[in-house]
Amino acid sequence: MKAVSLVSETPPPPVHVAIIMDGNGRWALSRGLPRVAGHRRGAESVKAVVRSAVANGVRYLTLYGFSSENWKRPPSEISDLMGLLRIYLRSEVAELHRQGVRLRIIGERHRLPRDIVALIENAERRTEANQRLTLIVALSYGGRAEIVAAARHLAALAENGGVEAEAIDESVFARHLFTAGIPDPDVVVRTSGEQRVSNFLLWQLAYAEFIFVDTLWPDFSEDDFEDALREYQRRERRYGATGG
Ligand code: IPE
Ligand code: IPE
Ligand code: MG
């Protein structure tokens, strides 16, 4: 079944959209609610954005769910976030599968609770053959750590003759990142008014368009997602060449 296209086809909509889902805590605090209430509502925004990505023919959607640095948060918040992740993985994978979504998790998964790793592995296996949208969720993810891990892996290969140092180019390097095989994001959206990258996809965002919106993540809707797709379509990408 072909996805219904809601945004126009020209100029082409992005193939890969990445989102830094920020502002859950502020959303909750501004309502006098505990931060976890913001994270809970944020999970609803995830569902809405996945639906919209499928409907608009986006092929890859990467969501920053938890950074390597988020382990510095109070244990109670970390445990609330892991609890919500557990609920999401238990209750949403069937729906993702129904929508033809393949789930992939990137990040240092060994730092996650063991039962969550098992849920992730099951979900990845179950949705492996789905082709409509690949949903990549970054968990315990840090861009610098990812680059260092790739460098370490290549250095070990070089030591035992598995690769020639001279043969290491950008495409070889990219194949050693968590995102091997996934095209670079065309556009990254950050919600909540913050304008920084917070260690997200440092290698992969080299030529991405950046869109910053003031909306807090729990308020981010399908319409907001489509607005971002349209904003992207208005951008002129140059990749270092002259404009035209
Ligand atoms: C984003 O919302 C979710 C995570 C980082 C896990 P925040 O929790 O960062 O919310 P703010 O930035 O404090 O409002
Ligand atoms: C980035 O948001 C990480 C996620 C959205 C998961 P943060 O809220 O942790 O980033 P900083 O600390 O404001 O840069
Ligand atoms: Mg934040």
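## Helices, strands and overall build

This predicted model contains seven helices and six strands. Follow the chain from its start and the elements come in the order β-α-α-β-α-β-α-β-α-α-β-β-α. The radius of gyration is 18 Å, close to the 18 Å that the globule rule gives for 244 residues, so the protein is as compact as a globular protein of that length.

Along the principal axes, the C-alpha trace spans about 60 × 50 × 35 Å. Of the 244 residues, 47% are buried. Sequence-distant partners feature strongly here: among contacts with a separation of 6 or more, 77% are between residues 24 or more positions apart.

## Helix α2 beside helix α3

Let us turn to the helix pairs. Two packed helices are described by the angle between their axes and the distance between the axes. For helix α2 (residues 35-55) and helix α3 (residues 75-98), the axes come within 10 Å and cross at roughly 25°. Angles under 35 degrees count as roughly parallel, and that makes α2 roughly parallel to α3. The crossing of these two helices is right-handed.

On the α2 side, the contact is made by Arg 35, Val 36, His 39, Arg 40, Val 46, Lys 47 and Val 50. Their counterparts in α3 are Glu 77, Asp 80, Leu 81, Leu 84, Tyr 88, Glu 92 and Leu 96. Sorted by class, the residues of this contact are seven nonpolar, one polar and six charged.

## Helix α2 beside helix α7

Helix α2 also meets helix α7 (residues 222-234), and here the axes come within 8 Å and cross at roughly 45°. That angle makes α2 oblique to α7. The crossing of α2 and α7 is right-handed.

Which residues of α2 and α7 meet? From α2 come Ala 48, Val 49, Arg 51, Ser 52 and Ala 53, while α7 supplies Glu 222, Phe 225 and Glu 226. By class, the contact of α2 with α7 holds four nonpolar, one polar and three charged residues.

## Helix α3 beside helix α4

Helix α3 has a further partner in helix α4 (residues 114-127): the two axes come within 10 Å and cross at roughly 15°. Helices α3 and α4 are therefore roughly parallel to each other. Their crossing is left-handed, whereas that of α2 and α3 is right-handed.

In α3, the residues facing this partner are Met 82, Leu 85, Arg 86, Leu 89, Arg 90, Val 93, Ala 94 and His 97. They meet Asp 115, Ile 116, Leu 119, Ile 120, Ala 123, Arg 126 and Thr 127 of α4. The classes in the contact of α3 with α4 come to nine nonpolar, two polar and four charged residues.

## Leu 61, a buried strand residue

For a view from the strands, take Leu 61, which sits in strand β2 (residues 60-67). Is Leu 61 buried or exposed? With a relative accessibility of 0%, Leu 61 counts as buried.

Leaving aside residues up to four places away in sequence, Leu 61 touches His 16, Val 17, Ile 19, Val 49, Val 50, Ala 53, Leu 133, Thr 134, Leu 135, Ile 136 and Phe 225. Some of these names have appeared above: Val 49 and Ala 53 of α2 meet α7 in a contact that includes Phe 225, and Val 50 takes part in the contact of α2 with α3. As for a residue well along the chain, Leu 61 and Arg 190 are 129 residues apart in sequence, and their C-alpha atoms are 13 Å apart in space.

## Backbone details worth a look

A cis peptide bond joins Thr 10 and Pro 11, with omega at about -10°. Pro 11 belongs to the segment before β1 (16-20).

Two serines have a positive phi although neither is a glycine: Ser 140, at about 50°, and Ser 192, at about 80°. Where are they found? Ser 140 is in strand β4 (residues 133-141), while Ser 192 lies in the loop between β5 (187-190) and β6 (209-212). Ser 140 is buried, with a relative accessible area of 0%, and Ser 192 is also buried, at 8%.

Note on methods
Residues are numbered from 1 along each chain as its sequence is written. Chains are lettered from A and ligands numbered from 1 in the order in which they are written. This is a predicted model: local features need pLDDT of at least 70, side-chain atom pairs count only at pLDDT 80 or more; totals for chains, interfaces and linings use all residues. Side-chain values use heavy atoms; hydrogens and water are left out. Axes are lines fitted to C-alpha atoms, for helices over the stretch in contact, and angles run from 0 to 180 degrees between N-to-C directions. Helices (H or I, at least four residues) and strands (E, at least two) are DSSP runs, numbered from the N terminus. Angles under 35 degrees count as roughly parallel, over 145 as roughly antiparallel, 65 to 115 as roughly perpendicular and the rest as oblique. A crossing is left-handed if the near helix is turned anticlockwise from the far one by less than a right angle, and right-handed if clockwise. Contact means heavy atoms within 4.5 Å. Ala, Val, Leu, Ile, Met, Phe, Trp, Tyr, Cys and Pro count as nonpolar, Asp, Glu, Lys and Arg as charged, and the others, Gly among them, as polar. The radius of gyration is taken over C-alpha atoms; the globule rule is 2.2 Å times the number of residues to the power 0.38. Buried means under 20% relative accessible area, exposed over 50%, partly exposed in between (1.4 Å probe, protein chains only).
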